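Reader: I'm in my first year and still learning to read protein models. Could you take me slowly through the salt bridges in this one?

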Amino acid sequence: MKEHKINYFNDYTPSDYTVVSCFLEFIIEESSTRVENIMEIRRQNPDAKALRLDGEKLDLELIWVNDELLEEGGYTKDDTSLMIPLACDSATIRIINRIYPNENTELEGLYRSGGIWCTQNEPEGFRRITYFIDRPDVMCRFTTKIIASQETCPVLLGNGNLRGTATLGNGKHLALWEDPIPKPCYLFAIVAGDLGSIHDTFTTMSGRKVDLAIYCDKGNENKCHHAMRSLKKSMEWDEHTYGREYDLEVYNIVAVDSFNMGAMENKGLNIFNSHYVLADEESATDTDFMGIESVIAHEYFHNWTGNRITCRNWFELTLKEGLTVFRDQCFSADMNSPLTQRINDVRALRERQFIEDAGPTAHPIKPDHYIEINNFYTATVYEKGAEVIRMIHTLLGTEKFRAAMDYYFEKFDGQAVGTEEFLEAMQSQSPVDLSQFKRWYFQERTPTLRVLSTYVPKRSELVMNIEQIIPKNTSHHEQLPYAFPLCIALLNEEGGEFELISEDVSIFHGNLLWIDRGSNVITFRGITSPPKLSLNRHFSAPVIIECEELDLPFLMAYDSDGFIRYEAAQQFGIQTLEAMMKGAPIDERYIESYGKIVGDESIDAMFKAQLLELPSMNALMQRQSVIDVEAIHRALENLKAALADRFFAPLRELMERLYDPTNAKIDGESMGKRALKNRVLGLLMGSKEEAIASVCLSHYHEASSMSERLAALDLLENYAPELAAGALDDFYGRYRNQTLVMNKYFTVRASSRRSGTLKRVKELQNDGAYDPKVPNLVRSLIGSFARNPVAFYAQDGSGFTFVADKVIEIDPINPQIASGLAGAFKNYGRLSIEQKTLMGVELERIKNHPTLSNNVYEIVSKILEAS
């Protein structure tokens, strides 16, 4: 069996040596690539006697030290490293090795995606290109020469600024790129291929012109314009909001189909999953357009929060990712609707990170150990990390947060640092000591706030008890209370807010409580009537609220905080559904409250679509000690049918008023109307009325936007299969040669809640449009099935067996994708005895596979150990 080594944060020490500069020459041939690597090495530890270089899957050819060729006895080499005796303070190391991009299915290092050679080096891919000190705290200046066929690779791209090109003999040419700014090797990148492109320029706030380009497969150039607009918006926003100006002469983006992640912020040469670049109204949904804008911004913002200031080691990953997610969320809020963005961010956090935090793979945003660092590019590190940054921003306010960020940029530019340095900058502007706040970085799981209150009319006071319920960590150790901002309001009968006056708690910005004790008793004075509680407004802290006193119908209708209105609607829906699962009739108060939203024409269309959203299956599964997917699904469908029947006429009238199949614009108003129309159509389809199914089919055929066509297709698949068959054939015929759209097709098929989904998914694996080596396609077909509770949790365990088969099959091809699929088993400990037995067999089968990767082993072993 393969050894699975654990890496610990406490074992971190600075590197004995560093690389001052690195010159790389790539000679790209059809079957292999020759890499020449010349490094200027400097010793940092005077006691060090040997230089260790990381390297995997490399054919080593020659090594020189200070121009002296080393014989085989002059160094030692194994599968992961190269050791060179080096007892001097500086040296020039020259290495020639060969790599095989065509065979690289793991998509780390240099690999081939279709006709494009490209790289992915974060976190530890560079060691698959050449021997190097592959760690983020080694920052050096790179110069790169790329030589390739002019016919197959007319485009040659590298980091930094282009310093020259030349035509060589034998049909080859070269490009020389120089990056003047030191960076770790995980930010190194090259691209070579026959690519189409679009070009633009951006003038910085100091008047410098930056050349912008987006490269893609030829024929897709017209799908790059939204990404280019998003890039220019991002550059302008970062100058205005943070005073950060771009620092190179060029900024290039390349879209590739085969990519494990969403995108990569390589200095001056971002490489993107094509899903987050290519879009037009015919092929992309409104969600796709929003996602592209967000991810383009995220990677651009990394230029300062990730590239110029990077993380000291991979345990500090949230330093760059949590901060940059927060920045891209704020950008998206400014570009669109702040309320819509906040609701979407919190929904995503709860659907992904809260589930992760409650399960066997829970970890702090700054983990203290790992087996495979690729497993920690998680919702916890990213989204919960962003919420931790947001809490600081909420406490400091916009101006002081900007001042603290200026401190961070000015003091730590050009360095590899940790979260301690970031918190030092934040402390410089904080009105409170942030020492206790640091627990958010090294404690795991989601805290619960239990809130009770007593109104004392004689004294016009409200006494509020806030107790922190802190779960034990995955090692079953007790954890300590947190410090955090809690935004609240006490509302009168008209929805107006009482002024918050109390000597028992620090209050900032009028309604922000600083909670730092496990148990808090807070008396508010001047409360002249029994108030309605509005808690955790705008989701000021990533906590779970337990409070039986909340007047959910009132909050749905009258709270001035839009997030609380949405939250009240969700919580009221959850209460109603959970009661239905216990045999109670549908709560008439919920039906009435829902109807008021349907009939309220003053509500913005996008917000109304969110208010009418029913709780998700995942939200309900999180609350069950023993998961019962069938009961949840049945309750949801019954509630949907009841709402459709009660409000059939106003819903249909609203749908018809909103429907405009000729409008495919992506402005906020148009997207809001489509979102609301699709929400209403989804409700009406729950009625099982044949006339509505026919309307849905017409919406599919008449649509000019992918948002409407795809929504109609999904509803037909789930509610009108006899009509869906023709629509599915039509969709396949239209888009079978467009991989990005076929991802949507496979997702609809694999997410189907009808019986027989597993059989259909197995058959689709043989479809000509499916390729198990393309991550997007695997995620769309196999990943969507694994995320489909109705199909995956089939009573006979067939869903478990199928996904386990896929994990084992994909693991040797691409361990990152396989470990992502293995996460589908995270609810193992909360299943019925029968289902737990069936899943346990599959987990043991995966774990005992003789060549299992670290990626999959770490996930599966945690799931088994926790249970």
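Author: Happily; here is a walk through the salt bridges, with a short look at the core afterwards. A word on the source: this is a predicted model, in which local features need pLDDT of at least 70 and side-chain atom pairs count only at pLDDT 80 or more, while totals for chains, interfaces and linings use all residues. Residues are numbered from 1 along each chain as its sequence is written, and side-chain values use heavy atoms, with hydrogens and water left out.

Let's begin with the general idea: side chains of opposite charge can pair when their charged atoms come close. Here a salt bridge means a side-chain nitrogen of Lys or Arg within 4 Å of a carboxyl oxygen of Asp or Glu. Searching the whole structure turns up 72 salt bridges.

Take Lys320 and Glu265, whose closest N and O atoms are 2.8 Å apart. Lys320 sits in helix α3 (residues 317–335) and Glu265 in the loop between β21 (263–264) and β22 (269–273), so this pair ties together parts that are 55 residues apart in sequence. Helices (H or I, at least four residues) and strands (E, at least two) are DSSP runs, numbered from the N terminus. Lys320 is buried, with a relative accessible area of 1%, and Glu265 counts as buried at 2%. Buried means under 20% relative accessible area, exposed over 50%, and partly exposed in between (1.4 Å probe, protein chains only).

Now look at Glu282 and Arg709, which meet in a salt bridge at 3.8 Å, N to O. Glu282 lies in the loop between β22 and α2 (286–301), and Arg709 in helix α18 (residues 706–719), so that distant parts of the chain, 427 residues apart, are linked. Glu282 is partly exposed at 34% relative accessibility, whereas Arg709 is buried at 2%.

Asp587 and Arg589 form another salt bridge, at 3.1 Å from N to O. Asp587 is partly exposed, with 23% relative accessibility. Salt bridges can also share partners: Glu25, Arg34, Glu36, Arg94 and Lys145 are joined into one network that way.

Finally, the core. A nonpolar core is a set of buried Ala, Val, Leu, Ile, Met, Phe, Trp, Tyr and Cys residues joined through side-chain atoms within 4.5 Å. The largest one has 170 residues, and Tyr408, Phe422, Phe437, Met464 and Phe524 touch the most other members. Helix α5 (residues 379–396) gives the largest share of this core, nine residues.
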